[in-house]
Amino acid sequence: MFSRSRCLSRNLGRSLSTLRQGNQGLARRATAALSASHAITLNNVSGVPRSSVFQIQYFRTSVAHRNEVITVNTPAFAESVTEGDVRWEKAVGDTVNEDEVVCEIETDKTSVQVPSPSSGVIEELLVPDGERVEGGMPLFKLRKGAGTPKGAAAPQAAAAPPPPAAAAAAAAPPSSTMGPIPTSMPPVPPVPTRAMASKPVSAIKPTAAPVASQVAGGAKAARTESRVKMNRMRLRISQRLKEAQNTCAMLTTFNEIDMSNISQMRTTYKDGFLKKHNVKLGFMSAFVKAAAYALVEQPSVNAVIDDSTKEIVYRDYVDISVAVSTPKGLVVPVIRGAEGMNFADIEKTINMLGEKARKNELAVEDMDGGTFTISNGGVFGSMFGTPIINPPQSAILGMHGIFDRPVAIEGKVEIRPMMYVALTYDHRLVDGREAVTFLRKIKTVVEDPRILLLDM
């Protein structure tokens, strides 16, 4: 019996050992399967090496970083500018790319564009359209990442009860291809500001009922009105021009210029000038050069009165401001050191400043200073006019259109291309003799540019 018990015990131990080995093999196979599954999961993640715990953590951090919400602040202004008004180009929910303009800040002198620091979706506008902002103030919140286009709808919350059939039919989007509405955004995004701004004035509905008037044929025409807030640049322009009228003793003297010689010179050399300097030869360079030449000859026209000290400030340099009309108002970029420039230098500078003005990229530094201003109303067909001084300067030259007129030339009547010019000056500083002499010097140089070569 003892032998039988020992045999049974041996068989039982062998069975337990076999079972234990089988369990270990099963455990090894389960571990191997789990490792293979883990490796496959990592291989499905682009750019993450397999079996690396650090890379898994880095991948999760990158996803969180792409969904990060950042706050974009108002950029710093120039020294002479302290505040501006916001004009939004984008609305909540819009997808923007890196460096895409989100809004513009209109200041007294120019507009400052605020680009998006990265690609993403506009999460929130922190300042209403048209409100005043200062440097460093928060403007908007941006959720980084590709985002979804604004037109896509978001999934409804799972916990929300289904709406009634009639309400669901009324709220359904017109297109069945639109996606679900995201829970992080309101179902109905606010109306973008730019859509209202892009409408013509005639399309804006008045707050009061239109008044109908009887016209010929019995038809009734609506007589409407609309109100638009003055932008900061227009307010500043009106303030400065009225200040000039209240401060300066303005007087205007006139003359006429025969444009025959300068027109012939331009026709003869315009192709060669364009080929060499890669810029067109215009009439403005002749007037800028003539004005710089005359300002050196008549320093009082280039001077200014310092009202705080009751002193006259004479300048030994000539910085000429050129008035440029833009959709948002009149700007006056400055051609600095015009007395030392030739025609090509002046044309290149005018072309560069004009391009920046058309793209709304003029900085405050481009318009600061200036000792004399030239305003060319002739590009709009003006025949005659009296310009207003650009304070704190003491004079401004007004150019007008070129028209063929009969004039007396050596006792004979001839048809010549003529231009009227006007010089408005501050009579507190500039006497009539100096003003008339200055304008005649411009007339002489433009009619015969050879005087510049002879220094006469």
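Start by selecting Asp-85, which counts as buried in this predicted model because its relative accessibility is 6%, under the 20% cut-off. Asp-85 sits in strand S2, residues 83-88. To see what surrounds it, show the residues it touches beyond four places in sequence: Glu-104, Ile-105, Glu-106, Gly-130, Glu-131, Arg-132 and Arg-232.

Now zoom out to the whole chain. You should find 10 helices and 20 strands. Of the 456 residues, 33% are buried. The chain exposes about 27800 Å², and carbon and sulfur atoms supply 56% of that area. If you draw contacts between residues at least 6 apart in sequence, 64% of them join residues at least 24 apart.

**Stop one: an open sheet**

Select S1, S8, S6 and S3. Together they make an open sheet of four strands, in the order S1-S8-S6-S3, with antiparallel pairing. Which strands lie at the edges? They are S1 (69-73) and S3 (95-96), each of which pairs on one side only. Next, keep S1 and S8 (residues 138-144) on screen: five bridges link this antiparallel pair. For a landmark, label Asn-73 and find Pro-138 of S8 standing opposite.

**Stop two: Thr-371 and the strands beyond**

Go on to Thr-371, in the loop between H8 and strand S18 (372-376). Is Thr-371 buried or exposed? It counts as buried, since its relative accessibility is 2%, below the 20% limit. Add Asn-302 as sticks: its side chain makes a polar contact of 2.7 Å with that of Thr-371. Setting aside residues within four places in sequence, the contacts of Thr-371 also include Val-301, Arg-315, Tyr-317, Val-318, Asp-319 and Gln-393.

From the loop, walk into S18. Strand S14 (residues 320-322) runs parallel to S18, joined by three bridges. Here Val-322 stands opposite Ile-374. S18 also pairs with S19 (residues 395-409), again in the parallel sense, over four bridges. Two pairs to label are Thr-373 with Ile-396 and Asn-376 with Met-399.

Then follow S19 to its antiparallel partner S20, with which it shares 13 bridges. Ile-402 is bridged to Met-419 of S20. How many residues lie between S19 and S20 in their hairpin? There are two, and Glu-410 in that turn has a positive phi of about 55°.

**Stop three: helix H6**

Select residues 260-277 to bring up H6. This helix of 18 residues reaches 24 Å from its first C-alpha to its last, close to the 26 Å expected at 1.5 Å a residue. Turn the view until you can follow the helix past Tyr-269, where a kink of about 55° is centred. Its buried residues are Ser-260, Ile-262 and Phe-273. Against what do they pack? Show strand S11 (250-258), helix H7 (284-297), helix H8 (343-358), strand S20 (412-426) and H9, and you have the elements that the buried residues of H6 pack against. Just after H6 comes Asn-278, with a positive phi near 60°.

**Stop four: helix H7**

H7 is one of the elements packed against those buried residues of H6, so it is a natural next selection. It has 14 residues and reaches 20 Å from its first C-alpha to its last, close to the 20 Å expected at 1.5 Å a residue. Colour H7 by accessibility and the helix shows up as mostly covered: 12 of its 14 residues are buried. The buried stretch takes in Met-284, Ser-285, Ala-286, Phe-287, Val-288 and Lys-289, followed by Ala-290, Ala-291, Ala-292, Tyr-293, Ala-294 and Leu-295.

**Last stop: Gly-432**

Finish at Gly-432, in helix H9 (residues 432-447). Gly-432 is partly exposed because its relative accessible area is 25%, which falls between the 20% and 50% limits. Which residues is Gly-432 in contact with, leaving aside neighbours within four places in sequence? Show Tyr-425 and His-427 to see them. For a final distance, pick the C-alpha atoms of Gly-432 and Leu-251: they are 181 residues apart along the chain, with a separation of 8.7 Å.

Definitions and conventions: Residues numbered from 1 in each chain as written. Predicted model: local features only at pLDDT ≥ 70, side-chain atom pairs only at ≥ 80, totals over all residues. Heavy atoms only, no water. Buried < 20%, exposed > 50% of the residue type's maximum accessible area, 1.4 Å probe, protein only. Contact = heavy atoms within 4.5 Å. Expected span 1.5 Å × (residues − 1). Bend = angle between axes of the 7 residues up to and from the residue. Pairing = 2+ DSSP bridges. Polar contact = N/O pair within 3.5 Å; in protein donor to acceptor, adjacent residues only side chain to side chain. Areas by Shrake-Rupley, 256 points an atom, 1.4 Å probe, with all protein chains shown as cover.
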